[in-house]
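Me: Please take a close look at one part of this structure, the packing of its interior, and set it in the context of the rest of the chain. I would like one connected explanation, in plain terms.

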Amino acid sequence: MSQRDYYEVLGVTRTVSKIELKKAFKRKAMKYHPDRNPDEDAHEKFKEVNRAYDVLRDDNKRARYDQFGHEGVNQGAGGGFHGADVGDIFGDIFGDIFGGGARQRQQRGSDIQIEVSVELEEAVFGVSKEIKIPTMTSCTFCDGSGSKDGKSSTCSTCHGQGQVRMQQGIFSVQQACPHCHGKGKKIDNPCNHCGGEGRRRETKTLNV
């Protein structure tokens with residue numbers, strides 16, 4: 001059986017950039033993923049998409065493919081992932097496919113915008129102004145534990161790990177525990193002041 005052109009498989013041109021190539025791969029991978037597509041040939045097309053991306057994402061393999069075609073990259077080819085970094089390839093699409101992130105990513109906090117009125121003279125010569133901003137601080141009533149009596153128990157779902165492993169078809173995905181929200185422990189007697197969160201919203205005064 002003849003192999004399809006890898007650029008055709010991913011629906012891109014031969015001058016495609018790496019960024020656009022990755023976007024095309026994500027679209028095709030989501031389209032043919034066996035857990036999303038019930039068609040009988042979806043699994044084979046999914047593997048074909050993976051093979052195409054594995055070659056075209058690598059500069060050396062892509063150069064050999066452009067010059068010699070499939071013969072230049074078929075040595076040792078099989079049905080697997082050809083040594084590709086699976087975490088790198090699928091890390092960005094797991095969230096779209098399964099509704100959760102495959103890799104935990106630290107998110108940047110929201111910016112705060114404060115309007116301050118100044119006189120013309122103050123703007124020219126400078127001035128110190130006092131502003132109040134909302135912030136989250138450790139609850140002083142429970143010392144940040146979230147528990148009224150300072151006690152907590154190990155989450156029985158994740159056994160204190162804070163994460164659980166979910167089986168999604170042929171993949172195993174790790175995500176935050178839905179019962180303890182990634183904390184690894186359960187608060188049986190939550191603090192009345194912070195609701196078991198261990199933090200309270202307060203207003204902080206700053207001089208700027």
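Reply: Helices here are DSSP runs of H or I with at least four residues, strands are DSSP runs of E with at least two, and both are numbered from the N terminus. With that in hand, the chain reads α-α-α-α-α-α-α-β-β-β-β-β-β along the sequence. That amounts to seven helices and six strands. The model is a predicted one.

Some figures for the whole chain come before the close look. Of the 208 residues, 27% are buried. Among contacts with a separation of 6 or more, 64% are between residues 24 or more positions apart. The chain exposes about 14,100 Å², and carbon and sulfur atoms supply 46% of that area.

Now to the interior. The largest nonpolar core holds 19 residues. Tyr6, Leu10, Val12, Leu21, Leu56 and Tyr65 have the most contacts inside this core. Three helices each supply at least two of its residues: H1 (6-10), H2 (18-32) and H3 (42-56). H3 gives the largest share, six residues. A further core of five residues lies apart from this one, and it includes Cys158, Val164, Cys177 and Cys180.

Tyr65 is a good residue to follow from here. Its contacts, leaving aside neighbours within four places in sequence, are Arg4, Asp5, Tyr6, Tyr7, Arg14, Val55, Leu56, His70 and Val73. Two of these partners, Tyr6 and Leu56, are also on the list of residues with the most contacts inside the largest core. Tyr65 itself is on that list too.

Tyr65 falls within the range of helix H4, residues 59-68. At the start of H4, a side-chain oxygen of Asp58 comes to within 3.0 Å of the backbone nitrogen of Asn60. After H4 comes Gly69, which has a positive phi, near 75°.

H3 also carries charged residues, and one of them is Asp54. Is Asp54 buried or exposed? A residue counts as buried when its relative accessible area is under 20%. Asp54 has a relative accessible area of 4%, so Asp54 is buried. The charged side chain of Asp54 has a partner: Asp54 and Lys61 form a salt bridge, with 3.3 Å from N to O. This pair of side chains also counts as a polar contact of 3.3 Å. Lys61 is partly exposed, because its relative accessibility is 22%. The bridge therefore joins a buried residue, Asp54, to a partly exposed one, Lys61.

What other salt bridges are there? The structure holds nine in total. One of them links Glu44 and Lys47, with 3.4 Å from N to O. Both residues are in H3, three residues apart, or about one turn of the helix. Glu44 has 44% relative accessibility and so is partly exposed. Lys47 is also partly exposed, at 22%.

Another salt bridge ties Arg4, one of the contacts of Tyr65, to Glu8, where the closest N and O atoms are 3.8 Å apart. Arg4 has a relative accessible area of 36%, so Arg4 is partly exposed.

H2 offers a residue that can be placed against a distant point of the sequence. Lys26 belongs to H2. Its relative accessibility is 24%, so Lys26 counts as partly exposed. The C-alpha atoms of Lys26 and Tyr53 are 9.8 Å apart, although 27 residues separate the two along the chain.

For contrast with the cores, consider a nonpolar group on the surface. Ile112, Ile114, Val116, Val118 and Val127 make a nonpolar patch of about 380 Å². Val118 sits in the loop between helices H6 (94-98) and H7 (120-125). Its relative accessible area is 43%, so Val118 is partly exposed.

Put together, the interior picture centres on the 19-residue core, to which H3 supplies six residues. Asp54 of that helix is buried as well, and its side chain meets that of Lys61 in a salt bridge.

Definitions and conventions:
Residues are numbered from 1 along each chain as its sequence is written. This is a predicted model: local features need pLDDT of at least 70, side-chain atom pairs count only at pLDDT 80 or more; totals for chains, interfaces and linings use all residues. Side-chain values use heavy atoms; hydrogens and water are left out. A nonpolar core is a set of buried Ala, Val, Leu, Ile, Met, Phe, Trp, Tyr and Cys residues joined through side-chain atoms within 4.5 Å. Buried means under 20% relative accessible area, exposed over 50%, partly exposed in between (1.4 Å probe, protein chains only). Contact means heavy atoms within 4.5 Å. Patches are made of residues with over 30% relative accessible area and no salt bridge: like charges are joined within 9 Å, nonpolar side chains (Val, Leu, Ile, Met, Phe, Trp, Tyr) within 5 Å. Accessible areas come from the Shrake-Rupley method with a 1.4 Å probe; for residues, only the protein chains shown count as cover. A salt bridge is a side-chain nitrogen of Lys or Arg within 4 Å of a carboxyl oxygen of Asp or Glu. A polar contact is a pair of N or O atoms within 3.5 Å; within protein, one must be able to donate a hydrogen and the other to accept it, and residues adjacent in sequence count only if both atoms are side-chain atoms.
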